[in-house]
Structures are given as C-alpha cells and as structure tokens.
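Me: Could you take a close look at one part of this protein for me, the packed interior and the helices around it? I would love a connected walk through it rather than a list.

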Amino acid sequence: MLEAVREVVQDVYDVAALTDLMRRIAAREVQVVTVASQSPSPFARSLLMGYIAQFLYEGDSPLAERRAAALSLDPALLAELLGRGEGAALRDLLDPQVVARTEAELQRLTPERAARDQQDVLDLLRVLGPLSTPEILARAQEEVRGSVAGWLAELAAARRVIEVRVAGEQRWADAQDAARLRDALGTAIPVGIPATYLEPVDDPLGDLVVRYARTHTPFTLAELAGRLGLGAAVVRDAARRLVSSGRLAEGALVPHGTGHDDLCDAEVLRLLRRRSLAALRQEVEPVPQRTYARFLPRWQAATGLGSGGGDRAAAAGR
C-alpha cells in the first residue's frame, strides 16, 4: 500500500510541482485567468483521451486476457487485503477442460497412469483409498483387466488388501487403512489383519478427507460426505479444521457451481491455477498474419458469399 501511494503521488502525479504552483498562486506570482474556449486545450484533451482509453474501452480486451491477468494475481495476498477466501473468485477463472483433465490424472483414469500389474493395483488403493471392483477395472489397462480379479484375490490372501463395506458399497482397501476406516467410518474389519495395521492414528477422519482432496479437483461437501458415507455435519467439522490449518482451500471453486463452500486441496488448486493460466496465455499469444487473414473473413461472414450474401453481409454489419 505504501508503494502504491508513493507511485501515485510521485510517479503518476507530480504532487511536489502542484504544491509549488499553488504556493506561487497564493503569493500572486502566478495569475489565474478564466477562458471560455470552443475546444479543449491540449492538456485537457490529453486527460479526456486518457479517461476514454482507461474506462470506455476497458472491457474491449479479450476475455482470455482478462482472465489470465486475474489468475496471475496471488490469491493469498488478495485474501489478506480483501478479507475473502483464497478461492473466492476462482470459479470463473479456472479452465473447465483443465479441471477435467487434472481430475482424470489424479484419479488414474488416463491411459498413461492406468494400472499394469498387481503392484499398481495395490498402489491404486493406497493412493486413492477404497475402490470397488468396477472402479479398479476402470483404472487398469485394457489388456490386463482379466487378471485384476486374480490379483485382488492373491493380495487378500496375503492380507495386503481387505474387502470392506463403505457407504453401502463393497470396496477393496489397503490393509494399512484398517484403523482409519474402523475409527473414522465405523467399518467392520475382517479378522486376521496384522496388529500393526490396527493401531489407532491421531486423526483418522482427517487423513481420509486429505487423501480424498489430494486426489480430486474442487469438490463439494455433499460429494465428500457421500463418498465416505458420513453425515454432512461430521465432514464439515473435519474440513473446517483442515481449512484452518491451510491444507484445504474453501470458496467458490467448482466451475459452473452455485455454492460458496467448495473445497480443494491447496496444492491441487495451485496446480489448476498454473495450468489454467498457461492455457489462457496460449489463447492470447500472437498469431502469424496468414492465420489472422484466414480468420477475419470467416469472422466477418465474408466467405462463400452466394445467393444469400446480402443477408450475411447485413448480419456481419449488425
């Protein structure tokens, strides 16, 4: 704020010269004369043109350019100045395609991240949490999907994975999550689990919420509660603790959403901002003159003028 004040009173407006001029007017060293002119003076004309350029045509800049400028701002600093959440204005700035692509990558739904062997299936459960058999098959390469059932049976026999019921659905889970699922969700744990995996953890529900957030793009409390099979009030308390600690960001984050209590992992939100900013900057990059020459006639409806050319020209004029 101090730098902004200094820039205004020193760089933009020469306040020192204005003070000296007013002092000379008060001392009658400078005479003030009122003149009625037919046109603005050169000084007034420059002010008028500056006003027009600053305000009248301010909205003429491309939408992608304005969104890129907004995304380039540090939301944490804006939150300190404006008293708003970090994601308060990001809903309309995040690129929906970037959000969808990032969601697929985090959920291991892209071909390059699909499971290829038994160890990859175990990693899916460790990273994403409990998954049903169809969800595991969707995250495995097509050529190995016929082997997934056998892999799960072998891992279950070795007590490396367990079959549990979460949110009314049978899912496979990493055996190391037994204590978290038992203490946070009240899940019944099969017998024969090593005692090491049954020792209580400090914050079982918080761990499950953090893992869900880390593997998803912005989500709502209802989606989180439905996935865990818990009440919204229980999930809200856990989410608030994580928002206070900085692990989660809260605000209007879900593209095309309507609520203002959306949640997102802080690192995932930074990744979305960087990717959206990169996509927007690509949209406003200069193009060769040949590309512009091909675009302009189509934009003006001047290509392929036939019998309806007059109507198309009139539409372009409007």
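Reply: Happy to. In this predicted model, the largest nonpolar core has 27 residues, and those with the most contacts inside it are Ile-162, Leu-185, Val-209, Leu-224 and Leu-228. Two or more residues each come from strand 1 (161–166), helix 10 (178–185), helix 11 (204–214), helix 12 and helix 13. Helix 11 gives the most to this core, six residues. A good residue to start from is Leu-224: leaving aside neighbours within four places in sequence, Leu-224 is in contact with Val-209, Tyr-212, Phe-219 and Val-235. Apart from this core lies another, of 16 residues, including Ala-115, Leu-152, Val-161 and Trp-172.

Now to how the helices are arranged. Two packed helices are described by the angle between their axes and the distance between the axes. For helix 12 (residues 221–228) and helix 13 (residues 232–245), that angle is about 110°, and the axes are 9 Å apart. Angles of 65 to 115 degrees count as roughly perpendicular, so helix 12 and helix 13 are roughly perpendicular to each other. Helix 12 passes helix 13 in a right-handed crossing. On the helix 12 side, the contact is made by Leu-221, Leu-224 and Ala-225, and on the helix 13 side by Ala-232, Val-235, Arg-236 and Ala-239. Sorted by class, this contact has six nonpolar residues, no polar ones and one charged residue.

While you are looking at helix 13, find Ala-233, which also has its place there. Ala-233 is partly exposed, with a relative accessible area of 48%. Its C-alpha atom is separated by 9.2 Å from that of Leu-221, and the two residues are twelve apart along the chain.

Helix 13 also packs against helix 11, at an angle of about 75° with the axes 10 Å apart. Helix 11 and helix 13 are therefore roughly perpendicular to each other. Here helix 11 brings Leu-205, Gly-206, Val-209 and Val-210, and helix 13 brings Val-234, Ala-238 and Leu-242. By class, the contact of helix 11 with helix 13 has six nonpolar residues, one polar and no charged ones. You have met Val-209 already, as one of the residues with the most contacts inside the core.

Just ahead of helix 10, look at Asp-177, in the loop between strand 2 (169–174) and helix 10. Buried means under 20% relative accessible area, so Asp-177, at 5%, counts as buried. Beyond its neighbours within four places in sequence, Asp-177 is in contact with Leu-125 and Arg-211.

Two loop residues are worth a click as well. Most residues other than glycine have a negative phi. Ala-167, in the loop between strand 1 and strand 2, has a positive phi near 55°. Ala-167 is partly exposed, with a relative accessible area of 41%. Arg-108, in the loop between helix 6 (96–106) and helix 7 (118–128), has a positive phi of about 60° although it is not a glycine. At 23% relative accessibility, Arg-108 counts as partly exposed.

Finally, the wider setting. The protein has 16 helices and four strands, and 31% of its 318 residues count as buried. Among contacts between residues at least 6 apart in sequence, 58% join residues at least 24 apart.

Key: Residues numbered from 1 in each chain as written. Predicted model: local features only at pLDDT ≥ 70, side-chain atom pairs only at ≥ 80, totals over all residues. Heavy atoms only, no water. Axes fitted to C-alpha atoms, helices over the stretch in contact; angles between N-to-C directions. Parallel < 35°, antiparallel > 145°, perpendicular 65-115°, else oblique. Left-handed = near helix turned anticlockwise from the far one by under 90°. Contact = heavy atoms within 4.5 Å. Nonpolar A, V, L, I, M, F, W, Y, C, P; charged D, E, K, R; others polar. Buried < 20%, exposed > 50% of the residue type's maximum accessible area, 1.4 Å probe, protein only. Core = buried A, V, L, I, M, F, W, Y, C linked by side-chain atoms within 4.5 Å.
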